[in-house]
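Here are my notes on the model you sent round. I've kept them as numbered points so you can reply to each one in turn.

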Amino acid sequence: MTLRIQNVSIDCLDPARLAAFWAEALGWRITSNEPHEVVLEPRPHQRKRASPRPPLSVGTEDRVTKNRLHFDLRPSDQYAEVQRLLGLGATEVDVGQSPECTWVVLGDPEGNEFCVLRPFTDEEMASFA
């Protein structure tokens, strides 16, 4: 099969603001910055391990219910990444997760939820080799 996801489009009220947050959060770069759409892409050294690239497009409504799509991010140090993302403007979100959850739910500057997962174990990393 030759099918793969190229982009995941995100509607938002302020694409430039949200793109700035996600570019900093992921270490990516903004490659197109138009009034109606801002595109993020991995930096050249990240391309082998990063895809898809999300364009952020102007939407007209506030988000009022649970996201139908969200990012699960896998860091090497969960606590450090959560603190860094909070410093960039993310907020902690309670979606009813239990205290035993191994992930942290955050919201981006427009309130869209995303999860910061626990790091991979050495055994899990070996399975990707």
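1. Which residues touch the most other members of the largest nonpolar core? Keep in mind that this is a predicted model. The core has 17 residues, and the ones with the most fellow members in touch are F21, W22, L85, L106 and F114. Two or more residues come from each of α1 (15-26), β3 (37-41), α2 (78-88) and β8 (113-116). Helix α1 is the top contributor, with 6 residues. As background, nonpolar side chains in soluble globular proteins tend to be buried together.

2. The overall layout, for orientation. The protein has 3 helices and 8 strands, and along the sequence they come in the order β-α-β-β-β-β-α-β-β-β-α. Out of 129 residues, 32% count as buried. The accessible surface is about 8,800 Å², with carbon and sulfur atoms making up 52% of that. If you count contacts with a separation of 6 or more, 52% of them are between residues 24 or more positions apart.

3. L85 is a good place to start browsing the core. Setting aside neighbours within four places in sequence, L85 is in contact with F21, A25, A90, L106, F114 and V116. F21, L106 and F114 on that list are also among the core residues that touch the most other members.

4. Now the aromatics. The whole structure has 4 aromatic pairs. F21 and F114 make a tilted one, with 6.2 Å from centre to centre and 55 degrees between the planes. This pair ties together distant parts of the chain, since F21 belongs to helix α1 and F114 to strand β8, 93 residues apart. Are the two rings buried or exposed? F21 counts as buried because its relative accessibility is 4%, and F114 counts as buried because its value is 0%; the cut-off for buried is under 20%. F21, W22, F71 and F114 together form one aromatic cluster.

5. There is also a charge-over-ring arrangement to look at. The charged end of R74 sits over the ring of F120, 4.1 Å from the ring centre.

6. On to strand β3. Of its 5 residues, 4 are buried, so β3 is largely enclosed by the rest of the structure. β3 runs antiparallel to β2 (residues 29-34), and 5 bridges join the two. One bridge to inspect is S32 with its partner V39 in β3. The hairpin that connects β2 to β3 does so through 2 residues.

7. Strand β8 deserves a careful look. Side chains in a regular strand alternate between the two faces of the sheet. What covers which side here? In β8 both faces are covered, with E113 and C115 buried on one side and F114 and V116 buried on the other. Note that E113 is in that buried set.

8. β8 also has two strand partners to check. With β5 (residues 72-73), β8 runs parallel and shares 2 bridges; L73 has V116 as its bridge partner there. With β7 (residues 104-107), the pairing is antiparallel over 4 bridges, and V105 is partnered by C115.

9. Last, the turn between β7 and β8. This hairpin has 5 residues between the strands, and G111 takes a positive phi near 90 degrees. If you are going through backbone torsions anyway, G111 is the residue I mean in that hairpin.

Note on methods
Residues numbered from 1 in each chain as written. Predicted model: local features only at pLDDT ≥ 70, side-chain atom pairs only at ≥ 80, totals over all residues. Heavy atoms only, no water. Buried < 20%, exposed > 50% of the residue type's maximum accessible area, 1.4 Å probe, protein only. Contact = heavy atoms within 4.5 Å. Areas by Shrake-Rupley, 256 points an atom, 1.4 Å probe, with all protein chains shown as cover. Core = buried A, V, L, I, M, F, W, Y, C linked by side-chain atoms within 4.5 Å. Phe/Tyr/Trp six-rings, centres within 6.5 Å; stacked < 30°, edge-to-face > 60°. Lys NZ or Arg CZ within 6 Å of the ring centre and 35° of its normal. Pairing = 2+ DSSP bridges.
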